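Me: Please take a close look at a single part here, the salt bridges. Set them in the context of the chains around them.

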Amino acid sequence: MASLPEAPTDAELITRVLMRDDRRAFGELVARHQSAVRGLLRRLTGGDLAQADDLAQETFLRAYRGLRGYRGGAKFSSWLYRIACNVFFSRDRGSRDVPPEPPLLEAGNAELALPDLVLERHDLEKALALLKPRERAALVLTYANELTHEEAAVVLDCPVGTLKTHVARAKEKLRRQLEEVP
Amino acid sequence: MNVRDDEAWLDTLLQRQLPTGPTDDAFREQLLQRLPPPERPVRRVFGLVLTWLVGVLSLLLPAGEGTLVFSSDTGGLLVPCCLGTALIWYLVDRLT
């Protein structure tokens, strides 16, 4: 029985983009990684869907333009996370004067989930929005995106010890924030 | 709260499904439309060579009495030559 052709690896797709400017191959890379990148940015932006998707588009555009700079040493997803975090940090620096605004609960979303889960999520996003950007990124990368401390340190371009400090501080602040919620 | 509970608590909170935005396909289509236009280096080189050929041929056209335009009336052909060059470049970029 003939077996199905194997799906090309990320490295093969990247080669196609670089050699032939194959946009279909780039579209396939986007399809594979967009959920993780968009999820990361949604958590970093405190659940602001529009801003997160805007940053995700910017992330992939930068990735396309800088694809020759990807050396293949780290996983492609880690390289994308690094770009996403840099895009987020630079946007965050640009809007530092504006305090982070937690997203409003939407009636449409509330109908889809149990009320306590929605409230819990809202509290979490509110608490995440109060963390420093690097602490938030460290926590989200290690817990939500399930990177190891070493991988997350590479993404955030800092020593592993610093990364662990960010995570520990973020957890402590988050716990305190959520305990204050009545 | 011990360390194990602490980890489970964070895992549960952070891995909860987020509200959905535009579909994956819509996001990807929008992104692909925003990519810079292809550079098409081969076609650009072809256009450049064609431009040179037309330019050279225009200058070598006979101007009557056996003389070449190049030697007698080059200035008079300058404008149509430039217009022709611009038209070729426009067509190459527009049609490819």
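Reply: The salt bridges come next, followed by their surroundings.

This is a predicted model, in which local features need pLDDT of at least 70, side-chain atom pairs count only at pLDDT 80 or more, and totals for chains, interfaces and linings use all residues; side-chain values use heavy atoms, with hydrogens and water left out. Residues are numbered from 1 along each chain as its sequence is written, while chains are lettered from A and ligands numbered from 1 in the order in which they are written.

Side chains of opposite charge can pair when their charged atoms come close. A salt bridge here is a side-chain nitrogen of Lys or Arg within 4 Å of a carboxyl oxygen of Asp or Glu. Over all chains, the structure holds 16 of them.

Start with Arg32(A). Asp10(A) forms a salt bridge with Arg32(A), and the closest N and O atoms are 2.8 Å apart. Asp10(A) sits in helix α1 (residues 10-20) of chain A and Arg32(A) in helix α2 (residues 23-44) of chain A, so the pair ties together parts that are 22 residues apart in sequence. Helices (H or I, at least four residues) and strands (E, at least two) are DSSP runs, numbered from the N terminus.

Arg32(A) also meets Glu28(A) in a salt bridge, at 3.2 Å from N to O. Glu28(A) and Arg32(A) are four residues apart in helix α2 of chain A, so about one helical turn separates them. How accessible is Arg32(A)? Arg32(A) has 32% relative accessibility and counts as partly exposed. Glu28(A) is partly exposed too, at 32% relative accessibility. The classes are: buried under 20% relative accessible area, exposed over 50%, partly exposed in between (1.4 Å probe, protein chains only).

Next comes Glu151(A). The side chains of Glu151(A) and Lys75(A) form a salt bridge at 3.4 Å, N to O. This pair links distant parts of the chain, 76 residues apart: Glu151(A) is in helix α8 (residues 149-156) of chain A, and Lys75(A) is in the loop between α3 (49-65) and α4 (76-94) of chain A. Glu151(A) counts as partly exposed, at 24% relative accessibility.

One network includes residues of chains A and B. Salt bridges link Arg38(A), Arg42(A), Asp53(A) and Asp24(B).

Now the surroundings. Chain A has nine helices and zero strands. Of the 182 residues in chain A, 46% are buried. Contact means heavy atoms within 4.5 Å. Among the contacts in chain A with a separation of 6 or more, 59% join residues 24 or more positions apart.

Helix α4 of chain A also holds Asn86(A). Asn86(A) is partly exposed, with a relative accessible area of 38%. Asn86(A) and Leu156(A) are 70 residues apart in sequence, yet 8.3 Å apart in space, C-alpha to C-alpha.

What of disulfides, pairs of cysteine sulfur atoms within 2.5 Å? A search of the whole structure finds zero over all chains. Cys85(A) is buried, at 0% relative accessible area. Cys158(A) counts as buried at 16% relative accessibility.

The surface completes the picture. Accessible areas come from the Shrake-Rupley method with a 1.4 Å probe; for residues, only the protein chains shown count as cover. Chain A exposes about 9,900 Å², and carbon and sulfur atoms supply 53% of it.

How values were computed:
A disulfide is a pair of cysteine sulfur atoms within 2.5 Å.
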